[in-house]
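Here are a few notes to help you find your way around. Have the model open beside you as you read.

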Amino acid sequence: GSVSDGPASSSSVSAADRQEAVRDAFRHAWKGYKEFAWGHDELRPLSRSYSEWFGLGLTLIDALDTLWILDLKEEFEEARRWVATELAFDKNVDVNLFESTIRILGGLLSVYHLSQDTLFLSKAEDLGSRLMPAFDTPSKIPYSDVNIGRGTAHPPHWTSDSTVAEVTSIQLEFRELSRLTQQPQYQAAVAEVTKRVHGLEGKLDGLVPMFINTHSGQFSQRGVYTLGARADSYYEYLLKQWIQGGKKEHQFVEDYLEAIEGVKKNLLQRSSPSGLTFVGELSHGQFSPKMDHLVCFLPGVLALGAHHGLPADHLDLAKQLMKTCYQMYVQMETGLSPEIVHFNTYEGSSRDMDVKLADRHNLLRPETVESLFYLHRLTRDPAYQDWGFQILQSFNKYTRVPSGGYTSINNVRDPESPSPRDKMESFFLGETLKYLYLLFSDQPDLLSLDAFVFNTEAHPLPV
């Protein structure tokens, strides 16, 4: 049957109206940030205050390229002024290497590329050089945390492990920094990580465990294979580095193709009663029908690979998984996906998915709308735009805070009291609203997928 079983009425809204709806959402989010959290990391929209993570204006930097793409000129100029006068990295503060790379370094590199304003490049270079001590480990696998003022780095207090996704999802940014600055040390550091992970034992059909030890350089706590948290973007960055480098580095695409075969062989099942294809997890040989919302990045990545000449059946799988991710929204009472679902696989079950009490939150995450953007861009099926518009309307209905901003919620199954969490993640502006805007755009050359590759925080970098 046809993909679109959503309300027909939404199709009557024009592309321009939908894009304007995204700009309205962005302006509303920005209003809250500007009034109550300006220059701070994250808005707490209900208490009309802010929280700090790194103390580096995280939301503002994450949103710079979105401001540019949405053509919000005044807001952009105001944010640029803050970067020019207030943003300083010589602070005695611990930052997470991965998060600060994808959000801050990625955001600065992207907005530099779009605006050609060298202010952003010099800030990016300053941060990049301050992150380098993280790579000074016995194994060359970086520590998770680095003090950018003191130049010291360390693992989390409870372990000497780093997360596999984190150490393998900083490559796009450091490679681009080397290209722009003509300084090879950034690319060299992340290439060494890639090389070491490539040669490790402990993979299953190209799938990687979740943790890696910074002393031994070996996978640790083996036996769990997931495409969700702690491993997800490893797969994304294999494909994207191959694209970024002009498809010359064959190791990347070989490892990627092997991993997708590993997913098909070990992690794909269908739910009952609707037969939705989903990606589960493998834990010490046992299949678990658990799927993080984070896994919804996968349909987009599969489609992107197919666009770049990888097997056409990747696009078929992408479409099946896209439908599943959409159902993770539609089957919830608020129309918003929970953080994690468990699929039913036994015959005669009455519904496809269950959600544990602890997993019912929605953090305004972007992965599903990100994949909708890729699938629409590559198939031109308008159903994907309809689905995205429904999701935007659900965000507006259940997470928009009247005085400004949007909030995470605790319970997507309770439309009467979704129980707001009082936090607007920086990626709502950096990713979720950006991908919705691009999804509703009918200009195929707006950030062409042949000219740009998006980092895992939706910051476009040049191919």
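**Notes on the core and two helix pairs**

1. A good place to start is Leu 227, which, apart from neighbours within four places in sequence, is in contact with Leu 207, Asp 232, Tyr 235, Val 263, Leu 267, Val 279, Val 295, Phe 297 and Leu 298 (contact means heavy atoms within 4.5 Å).

2. Please keep in mind that this is a predicted model, where local features need pLDDT of at least 70 and side-chain atom pairs count only at pLDDT 80 or more, while totals for chains, interfaces and linings use all residues. Residues are numbered from 1 along each chain as its sequence is written, and side-chain values use heavy atoms, leaving out hydrogens and water.

3. Leu 227 also appears with Leu 64, Phe 174 and Met 291 as the residues touching the most other members of the largest nonpolar core, which has 147 residues. Such a core is a set of buried (under 20% relative accessible area, 1.4 Å probe, protein chains only) Ala, Val, Leu, Ile, Met, Phe, Trp, Tyr and Cys residues joined through side-chain atoms within 4.5 Å. Helix H4 (residues 97–115) gives the most to this core, with 10 residues (helices are DSSP runs of H or I, at least four residues, numbered from the N terminus).

4. H4 packs with helix H5 (residues 118–131) at about 155°, their axes 8 Å apart (lines fitted to C-alpha atoms over the stretch in contact, with angles from 0 to 180 degrees between N-to-C directions). H4 is therefore roughly antiparallel to H5 (over 145 degrees).

5. Helix H2 (residues 58–69) and helix H3 (residues 73–85) pack at about 145°, with axes 10 Å apart. Among the residues making this contact are Leu 64 and Trp 68 of H2 and Phe 76 and Trp 82 of H3.

Key
Buried < 20%, exposed > 50% of the residue type's maximum accessible area, 1.4 Å probe, protein only. Helix = DSSP H or I, 4+ residues; strand = E, 2+ residues; numbered from the N terminus. Parallel < 35°, antiparallel > 145°, perpendicular 65-115°, else oblique.
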